[in-house]
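Ready for some practice at reading a protein structure? Keep the model open while you work through these exercises, and try each task before you look at the solution.

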Amino acid sequence: MYDYIIVGAGSAGCVLAARLSEDPNARIALVEAGGTDDLDDIRIPMGQGTLRKTHLDWDYTSDPEYELGERTVHLPRGKVIGGSSSINAMIYIRGNRADYDEWAAAGCPGWGYDDVLPYFKRSEDNERGEDAYHAADGPLAVRDTRCRHPLSEVFLEATGQAGIEPNADFNGARQAGSGLYQLTQKDGLRCSASTAFLHPAAGRPNLTVISGALTTAVLFEGARAAGVAVTRADKHEELRAEREVILSAGAYNTAQLLLLSGIGPAEELRSQSIDPLVDLPVGYNLQDHPGTFISYFTHEASVTSATDPANLPFSRKLLWTEGRGPLTCTAEAGAFVHSGRSRGVPDVQFHAMPIMLHEENLGIPFDHALSFGPCVLKPESRGRVKLRSTMPTAKPRVINNYLATESDRRCMIEGVRIAREFGAQPAMRRSVRGPHRVPDSDRDTDLLEFARRTTQTLYHPVGTCAIGSVVDNELRVFGVDGLRVVDASVMPTIPRGNTNAPTIMIAERASDLIRRRIPLFGAEESRRRVAVT
């Protein structure tokens with residue numbers, strides 16, 4: 001018996017476990033389907049490329065995507081302590097002020113930018129120090145890159161030549177511009193949510209971490225969540241919660257678990273012989289950042305040279321003794337730009353990596369190259385997560401509907417066109433040997449054909465249990481008691497940027513909501529909540 005059961009030890013679950021267990025009188029169980037996060041390839045930033053399609057990855061695949069020529073898309077998610085923060089590119093981006101103000105304006109009071117900024121700061125240990133936007137005393141290490149590869153500098157020089165203004169802090173006063181990303185690293189090693197939050201709390205007697213345990217259902221007593229059913233080592237167990245069950249399994253798995261537990265579209269559940277408990281649009285509103293990469297062969301050696309047999313011993317020595325060097329490398333440089341179709345805020349984000357990227361970033365580099373490309377920051381397209389089977393071990397159906405609207409297609413076309421412009425600048429012409437993967441021309445038809453052939457996920461699924469439709473403003477599931485969702489699935493719309501930092505922010509704020517530390521919800525909010533219900 002526990003007070004709180006948290007399902008999923010990813011970015012949100014690790015934060016919740018650490019924050020809720022600060023109360024010595026609260027008994028916390030953190031349940032994770034994956035195993036421990038103690039492999040060197042997790043800690044070493046450049047090792048991220050070796051982690052996909054392993055036992056550390058849920059290794060999902062989308063349904064055929066109509067606008068991508070019926071291609072399926074690989075959808076990696078972390079199946080390990082730390083979740084996707086243990087396998088991601090470690091980019092620390094919060095999104096745009098407008099994202100959260102849009103949430104508040106759409107009926108999510110308490111989630112505006114001024115409301116959430118303190119929670120971003122509470123997590124943050126930024127090596128640049130404190131200012132109006134940043135803090136330096138939180139558990140999550142935020143650092144400048146320790147690699148600064150010459151090819152990343154080439155990209156930044158090219159963006160400047162193309163008229164993009166430099167921006168030293170994408171999380172500060174403005175988002176637009178180009179610059180080097182800050183990363184969730186410490187001493188050149190990955191600082192995942194597990195490293196930052198869970199490991200320091202692991203010795204608390206009131207916190208139990210249960211790994212290798214697949215949660216198969218939420219258990220109810222009447223309309224109250226009373227616990228969860230799990231399978232561990234081929235044995236079925238039940239864990240009981242006196243206060244709350246909190247789902248933090250991510251946009252795919254949280255939706256799947258709710259559907260399996262009878263919370264979702266009632267008619268669809270009945271068609272799969274599941275008795276509906278609450279009729280809610282679970283699984284709808286799926287959003288992700290569709291993106292692509294172009295790449296050029298380079299004169300300069302790419303980061304893969306660090307793993308050549310002749311160079312690897314020196315690269316490892318630099319990492320382990322000085323916390324720097326090419327093994328700390330990830331997507332170092334990027335840009336937030338206006339495609340010409342947005343008003344006031346960027347609608348395209350670029351990631352640049354000093355390595356050859358192809359085949360949905362699964363292809364093995366065979367030459368030295370620089371890769372960079374756009375993603376659609378505020379897609380209008382909406383997808384769904386659905387059950388493939390009532391068996392909990394079945395992978396869910398994921399329909400992204402990438403580029404399903406004309407606006408998204410136009411934004412992607414303009415993004416690829418801008419990428420070609422970057423590739424045509426003097427800095428690029430000086431540094432590249434020729435194209436590896438570049439659209440045939442600047443014509444709209446060629447740019448769209450390239451996008452349809454190469455678009456992939458940018459690994460940012462959100463929205464399937466959104467505030468206002470599935471959960472209330474305090475993240476409690478409508479129609480039942482004792483059940484809350486705390487992860488990226490509650491985002492009503494996707495932020496303009498990478499989603500790991502926003503997910504951590506949501507968990508920080510949720511921990512205060514759960515412990516009733518936020519004096520924001522008085523009579524007016526209660527009336528709103530009743531009206532929504």
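**Exercise 1. Is P461 buried or exposed, and where does it sit?**

Solution. Start with the surface value: P461 has a relative accessible area of 4%, so it counts as buried, the cut-off being under 20%. Keep in mind that this is a predicted model. Next, find P461 along the chain: it belongs to the loop between β25 (456-457) and β26 (483-485). Last, look across to M491. The two residues are 30 apart in sequence, and their C-alpha atoms are 9.8 Å apart in space.

**Exercise 2. Work out where T328 and S84 sit, and what their side chains contact.**

Solution. Take T328 to begin with. You'll find T328 in the loop between α9 (312-322) and β19 (333-337). Its relative accessibility is 0%, so T328 is buried. Now check its side chain: a polar atom there lies 2.7 Å from the backbone oxygen of G325.

Now do the same for S84. This residue is in the loop between β4 (74-75) and α3 (97-105). S84 has a relative accessible area of 19%, and the cut-off for buried is under 20%, so S84 still counts as buried. Its side chain reaches the backbone nitrogen of G78 at 3.0 Å.

**Exercise 3. How are the rings of F155 and F422 arranged, and which parts of the chain does the pair tie together?**

Solution. Some background helps: a pair of aromatic rings is described by the distance of the centres and the angle of the planes. The whole structure has 12 aromatic pairs. For F155 and F422, the ring centres are 5.8 Å apart and the planes meet at 90°, so this pair is edge-to-face. Then place the two residues: F155 is in helix α5 (residues 150-161) and F422 in helix α10 (residues 406-423), so the pair ties together parts that lie 267 residues apart in sequence.

Check the burial too. F155 has a relative accessible area of 0% and is buried; F422, at 1%, is buried as well. Finally, zoom out: ring pairs link F155, Y296, F350, F372 and F422 into a cluster.

**Exercise 4. Which rings do the charged ends of K79 and R509 sit over?**

Solution. Go one residue at a time. The charged end of K79 sits over the ring of W58, at 4.6 Å from the ring centre. For R509, the ring belongs to W111, and the charged end is 4.4 Å from its centre.

**Exercise 5. How many cavities of 30 Å³ or more does a search find, and what lines the largest cavity?**

Solution. Count before you look inside: the search of the whole structure gives three cavities of 30 Å³ or more. The largest has a volume of about 60 Å³. Its lining includes L286, Q287, D288, Y402 and D408. Sorted by class, that lining has five nonpolar, four polar and two charged residues.

Then move to the second largest cavity, with about 50 Å³ of space. Among its lining residues are Y92, R128, D169, F170 and Q182. Here the classes come out as six nonpolar, two polar and two charged.

**Exercise 6. How many residues of helix α1 are buried?**

Solution. Locate the helix: α1 covers residues 11-20. Now go through the burial: 10 of its 10 residues are buried. The buried residues include S11, C14, R19 and L20.

Terms used
Residues are numbered from 1 along each chain as its sequence is written. This is a predicted model: local features need pLDDT of at least 70, side-chain atom pairs count only at pLDDT 80 or more; totals for chains, interfaces and linings use all residues. Side-chain values use heavy atoms; hydrogens and water are left out. On a 1 Å grid over the protein atoms alone, a cavity is a set of points where a 1.4 Å probe fits but cannot get out, and a pocket is an open set with protein on both sides within 12 Å along at least five of seven lines; lining residues have an atom within 4 Å of a point. Grid points are joined across faces, edges and corners, and a volume is the space filled by probe spheres set on the points. Ala, Val, Leu, Ile, Met, Phe, Trp, Tyr, Cys and Pro count as nonpolar, Asp, Glu, Lys and Arg as charged, and the others, Gly among them, as polar. Rings of Phe, Tyr and Trp (its six-membered ring) pair if their centres lie within 6.5 Å; planes under 30 degrees apart count as stacked, over 60 as edge-to-face and the rest as tilted. Helices (H or I, at least four residues) and strands (E, at least two) are DSSP runs, numbered from the N terminus. Buried means under 20% relative accessible area, exposed over 50%, partly exposed in between (1.4 Å probe, protein chains only). A charge sits over a ring if NZ of Lys or CZ of Arg is within 6 Å of the ring centre and within 35 degrees of the ring normal. A polar contact is a pair of N or O atoms within 3.5 Å; within protein, one must be able to donate a hydrogen and the other to accept it, and residues adjacent in sequence count only if both atoms are side-chain atoms.
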